[in-house]
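With the structure open in your viewer, follow the stops below in order, making each selection before reading what is found there.

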Amino acid sequence: MEDCGLDSFELLYKGATDRIKSHKSNLNLKEELRKLREETNIDSLRQELERERVKRIDLEQKMNEVLKSRLEDSPPQPPRKQQSPSNNGTDKQQKETWSSRLQKWLYERFGVYIEDFRFQPEESTVEAEEPLSAKRLTENMRRLKRGARPVTNFLRNLSALSNWHSVYTSAIAFIIYMNAAWHGWAIPMFLFLAILRLSLNYLIARGWRIQWSIVPEVSEPVEPPKEDLTVSEKFQLVLDVAQKAQNLFGKMADVLEKIKNLFMWVQPESTQKLYVGLWVAFITSCVLPYKLMGFMMGLYAGIKFFIIDFLFKSCPKLRDKYDTPHIVWNSLPTDPQLKERTNATVSRRLSGSEKVQPVVSRSSLATVPCGVSREEETGRSHSTKKGAFHEIFNLTETERPLPVCENGWRCCLINRDRKMPTDYIRNGVLYVTENYLCFESSSSRSSSSKKNKVIKLVDITDIQKYKVLSVLPGSGMGISIATPSTQKPLVFGAMIHRDEAFEAIFTQYMKIMTTTKPPANPEL
């Protein structure tokens with residue numbers, strides 16, 4: 001009995017241990033499954049698969065709609081023979097491979113050029129400005145002079161050809177050009193000359209010494225650049241460059257303003273000639289053949305360049321009468337000239353109204369004191385932009401500008417006795433009265449007359465016409481006045497109406513000299 005109890009107890013113990021072991025293994029498996037679920041994120045994968053499935057269904061629906069619309073739009077086609085699914089699959093693969101190869105080949109061949117046509121926003125780059133330097137300024141001036149030398153040499157040679165500086169060279173050029181224009185070879189001749197010039201430049205660049213010019217070139221002495229400049233030298237250098245820039249900009253402004261005024265009918269008689277000429281050219285271009293027009297224009301250009309211009313340059317009076325382009329261009333006004341004209345007309349109207357007013361109103365006549373003429377009364381009322389005339393120049397009230405210069409002549413006073421640039425040149429207005437020559441400086445104030453100049457007509461020892469620089473306004477024309485108080489004559493330059501001013505000053509000067517000259521001794 002005891003043996004049977006022990007056997008049954010062992011069996012029970014083994015069964016319990018087996019159950020405990022199986023339970024432990026189940027717990028381990030559950031733990032591993034939980035870890036696997038956490039690592040693989042099955043839920044997220046399921047969600048992504050669901051999304052992809054929905055997208056695929058949407059794409060299939062869209063493709064079916066597109067195919068249905070195409071089938072509805074396309075005409076009915078005869079039924080095709082059904083092919084096996086294996087053949088359709090191979091055809092699709094072949095088409096895809098051929099299309100991919102074609103796209104690859106096109107991109108390799110033309111992809112670079114297609115990339116160039118992509119629109120990109122333009123990058124705005126700001127260049128850094130160099131600081132002002134005297135050394136850099138002189139270097140740039142020399143570079144500009146060297147760069148403009150070929151152009152100036154070319155223009156000088158053209159002018160020498162037109163002026164017949166060398167008779168044989170101009171005659172040969174005239175015969176060759178007229179022959180080429182007569183046979184219609186003018187354009188090929190110019191192209192051949194350009195090729196010849198480039199060929200000569202190539203030989204010169206290779207070391208050949210070739211120099212041909214109608215006008216002999218004058219070699220200018222080259223000054224070595226100074227490393228250290230004094231303050232006065234730098235100041236003088238800046239003044240020289242500023243003067244050249246001012247004159248250059250003035251020339252360019254005059255040309256542009258004249259062209260603008262020509263096309264804007266500021267001076268109708270000049271623009272009318274251009275208008276008629278354009279209509280004549282338009283009608284002839286519509287009627288005549290282009291070959292005949294080119295022939296006529298070539299012949300006229302040769303005759304104008306070699307003969308007509310030579311006659312006009314040799315005979316200035318002939319040019320002033322018959323050279324229509326020259327007359328029209330010189331008669332065109334610039335904007336400052338137009339402003340002066342309008343100011344002159346306004347002042348004349350005002351002065352005319354002032355002269356008429358005393359005649360009309362009797363009350364104004366009563367205010368004029370006895371012994372004073374009307375001219376003296378109008379002279380008292382004359383004033384400049386900065387105050388009364390007699391107060392500006394410290395003169396008597398009877399001194400007033402002559403009627404010919406009521407508004408004065410704009411000019412610049414060049415005092416060659418002074419060395420400082422501020423005292424050497426002054427801009428202002430020149431007046432002439434019965435006894436004085438008065439210069440009102442534009443930089444002076446109404447309360448100060450230190451920079452103004454008053455010259456007695458009796459003290460003038462010599463008066464002449466003078467030309468300062470052709471680049472100044474009025475072609476640099478001026479008037480030279482010599483007095484005992486100055487070592488060098490005073491020059492009133494840059495006068496636009498120089499001849500009118502000289503005539504008025506010289507007439508009044510001779511009138512004063514004849515009236516103040518002592519009578520001759522009858523005994524002598």
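**From a strand pair to the whole sheet**

In this predicted model, begin by selecting Ser 480, whose bridge partner in β9 is Val 491. Widen the selection to strand β8 (residues 477-482) and strand β9 (residues 490-493), which run antiparallel and are joined by three bridges.

Next, add the remaining strands, and you will have an open, antiparallel sheet of seven in the order β6-β5-β4-β3-β9-β8-β7. At its edges stand β6 (453-456) and β7 (462-467), and because each has a single partner strand, one side of each is left without a neighbour in the sheet. From one strand to the next, the twist averages 30°.

Now select helix α17 (residues 498-516), which packs on the sheet and touches β3 (409-414), β4 (425-432), β5 (436-441), β7 and β8, while its direction makes about 175° with that of β7.

**Two loop residues**

Move to Ala 494, which lies in the loop between β9 and α17; its phi is near 60°, a positive value in a residue other than glycine. Is Ala 494 buried or exposed? Its relative accessibility is 13%, so Ala 494 counts as buried, the cut-off being under 20%.

Then select Trp 164 in the loop between α4 (134-162) and α5 (167-182), where this residue, although not a glycine, has a positive phi of about 55°. With 23% relative accessibility, Trp 164 counts as partly exposed.

**A last helix**

Finish with helix α6 (residues 186-205), whose 20 residues reach 29 Å from the first C-alpha to the last, close to the 28 Å expected at 1.5 Å a residue. After α6 comes Gly 207, with a positive phi near 110°.

Technical notes: Residues numbered from 1 in each chain as written. Predicted model: local features only at pLDDT ≥ 70, side-chain atom pairs only at ≥ 80, totals over all residues. Heavy atoms only, no water. Helix = DSSP H or I, 4+ residues; strand = E, 2+ residues; numbered from the N terminus. Expected span 1.5 Å × (residues − 1). Pairing = 2+ DSSP bridges. Axes fitted to C-alpha atoms, helices over the stretch in contact; angles between N-to-C directions. Contact = heavy atoms within 4.5 Å. Buried < 20%, exposed > 50% of the residue type's maximum accessible area, 1.4 Å probe, protein only.
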